Amino acid sequence: MNTVFALATVVVKELYRRKDFYVLFILTALVTVLMGSVSFFHDAKIARYLKEICLLLVWVSALVIAIGASARQIPSERENRTIFPLLAKPVTRWQVVLGKFTGCWLACGLALLMFYVFFGVISGSRTGHWPLAQYLQVLWLHWVMLGVVVAMVLCGSVIFAAPSSNATICFIVVTGILLLGRHLNQVALREPEPLSSVLYAIYFLIPHLEWYDVRDFVIFDHALIGWGSCALATLYAAAYTGLLLFAAWLVFRRKPLNL
Amino acid sequence: MQTIIETKNLRVEYKPQASREPRKVAVKDLNLKVCAGEVFGFLGPNGAGKTTTMNVLLGFVHATAGAAYLFDVDVREPISRQRIGYLPELTYYYKFLTAEELLRFYAKIFKVPRDQVDRRIDQLMKLVELDHARKRPIKTYSKGMQQRVGLAQALINNPDLLILDEPTSGLDPLGRMKVREIIQRLKNEGKTVFFSSHELGEVETVCDRVAIISQGELKVAGRVSDLMKQYQANLEMIFLKIIGYQPALAMEAA
């Protein structure tokens, strides 16, 4: 684990020395503060809309950070040939995959924490309500979901040649799952065979990332999600993350190091 | 004497670009032995198979046939690389890190005890004369400075074997002299150094033994002094003769 954490530290350092995160954070903050400063039609529910907009921006920004950071990790190691001095040490390719995953996931966690603290402050200052346990649940589920996304992108990065094509494909797949994932089984019911079976297969194969989108719980001040359900959701995401990382390693272990 | 590097009938073949072409044989049944405390020069023209052999030793490429061992451990086992230092031909490091951070990162990978890390980094920074720039990102370094960072990272674990791929390529005469001094120093400390170079004068100065390969085949291996006695020539002449260079043909071609 020592090697994995050493690799993860480098990934986190790379992220905070790049400008992507700061740009996204400032953009989110700016849009939210601007929206918050305007009183539309003197609507008393403005705080709810503000929460909705802020959380949507947080979700989009988090996806951009997770996909962008993960997509370039292994390809840039190969392109800049930093993989050579690294693998000349007692480091296995599995540790490289795991280290990159841990680094990206931790970096996403740090970014999320900053975003949610900002969201909490904005929301709390407007409503005077501080549901910390709820924020913690939303943050945790969001972070766990990003773990699956990071693993998926890492897997893509050893399959697709260019990081940009991998990032685009992963972004489309993740957005597709988030928007359509929950409806696939209903669509399958209405379709004739064999399309119905294909859609069902896809429905049962894809990681259901939309289950982790619990923004409405915060926006509409719902009661806390059961901690048991949270634990099950964490296990489900961990299983998919593990599978995707294993697939990434299977491809990477025989991959020539030169691009 | 303990064998540090050993290859047994090592063969490496690459898949051809087009399916009709035959497989390219980069290394043909190479048998090599390097003993503890030796400075061993691995020579050959471009495309001879030197880097491929090094890549097998470092675990980057898998051998098609035969075997390779470091410290009697199969090179496919990552632990075989615990006691080695590797300096690539060009500098390939994380440019957003400072030299100190890079060394700390590699020290962590080698599990260098925490109480020794700072002392070791201080020593290496002084050795490669980068103490003044240790807090600066590597991207701000000149080529020579980057090569010296490379040397420092290769020594972070106090290795028993150093594998250097053309360590002086691209360095100015002063830089070359420093690298040569460091190799000499390591030799005096009893370390084993395995390096490839096109600077034959340099090889003649620092190496105990050399091996010359051409087109993937080992042509000759032996002590530098013995080879010079046998061929009655300096290493450069021996090298040219062994790889089949004919001055008359070259003149005609020109």
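Chain A and chain B meet in a contact that takes 19 residues from chain A and 21 residues from chain B. The model is predicted. On the chain A side, helix α1(A) gives the most, with seven residues. The briefing below covers that contact, the largest nonpolar core, and two helices, one in each chain.

**The contact between the chains**
- Two elements of chain A give two or more residues to the side that touches chain B: α1 (2-17) and α4 (83-87).
- By class, this side of chain A has nine nonpolar, five polar and five charged residues.

**The largest nonpolar core**
- The largest nonpolar core has 144 residues.
- The residues with the most contacts inside this core are A:Ala66, A:Cys108, A:Val149 and A:Val150.
- Helix α6(A) supplies the largest share of the core, 15 residues.
- A:Val149 touches A:Leu63, A:Ala66, A:Ile67 and A:Val174, leaving aside its neighbours within four places in sequence.
- Two names in that set recur elsewhere: A:Ala66 is listed among the core residues with the most contacts, and A:Val174 is a buried residue of α7(A).

**Helix α7 of chain A**
- Helix α7(A) runs over residues 163-180, which makes 18 residues.
- At 1.5 Å a residue, α7(A) should span 26 Å, and its end C-alpha atoms are 25 Å apart, so the two values agree.
- Its buried residues are A:Pro163, A:Asn166, A:Ala167, A:Cys170, A:Val174 and A:Ile177.
- Seen down the axis of α7(A), these buried residues fall within an arc of 100°, so they line one face of the helix.
- On the other side of α7(A), A:Ser165, A:Ile172 and A:Leu179 are exposed.
- The buried residues of α7(A) pack against two helices of chain A, α3 (46-79) and α6 (132-157).
- One contact of a buried α7(A) residue is named above: A:Val174 is in contact with A:Val149.

**Helix α8 of chain B**
- Helix α8(B) covers residues 235-242, and its buried residues are B:Leu235, B:Ile238 and B:Phe239.
- Around the axis these buried residues cover an arc of only 100°, which puts them on the same side of α8(B).
- The cover over the buried residues of α8(B) includes two strands of chain B, β3 (39-43) and β9 (209-214).
- That cover also includes α6 (200-206) and α7 (224-231) of chain B.
- Just after α8(B), B:Gly244 takes a positive phi of about 85°.

Notes:
Residues are numbered from 1 along each chain as its sequence is written. Chains are lettered from A and ligands numbered from 1 in the order in which they are written. This is a predicted model: local features need pLDDT of at least 70, side-chain atom pairs count only at pLDDT 80 or more; totals for chains, interfaces and linings use all residues. Two residues are in contact if their C-beta atoms, placed from the backbone, lie within 7 Å. Helices (H or I, at least four residues) and strands (E, at least two) are DSSP runs, numbered from the N terminus. Ala, Val, Leu, Ile, Met, Phe, Trp, Tyr, Cys and Pro count as nonpolar, Asp, Glu, Lys and Arg as charged, and the others, Gly among them, as polar. The expected span of a helix is 1.5 Å times one less than its number of residues. A residue is buried if 20 or more other C-beta atoms lie within 10 Å of its own, exposed if 12 or fewer, and partly exposed in between; C-beta atoms are placed from the backbone. The arc is that of the directions from the helix axis to the C-beta atoms. A nonpolar core is a set of buried Ala, Val, Leu, Ile, Met, Phe, Trp, Tyr and Cys residues joined through C-beta atoms within 7 Å.
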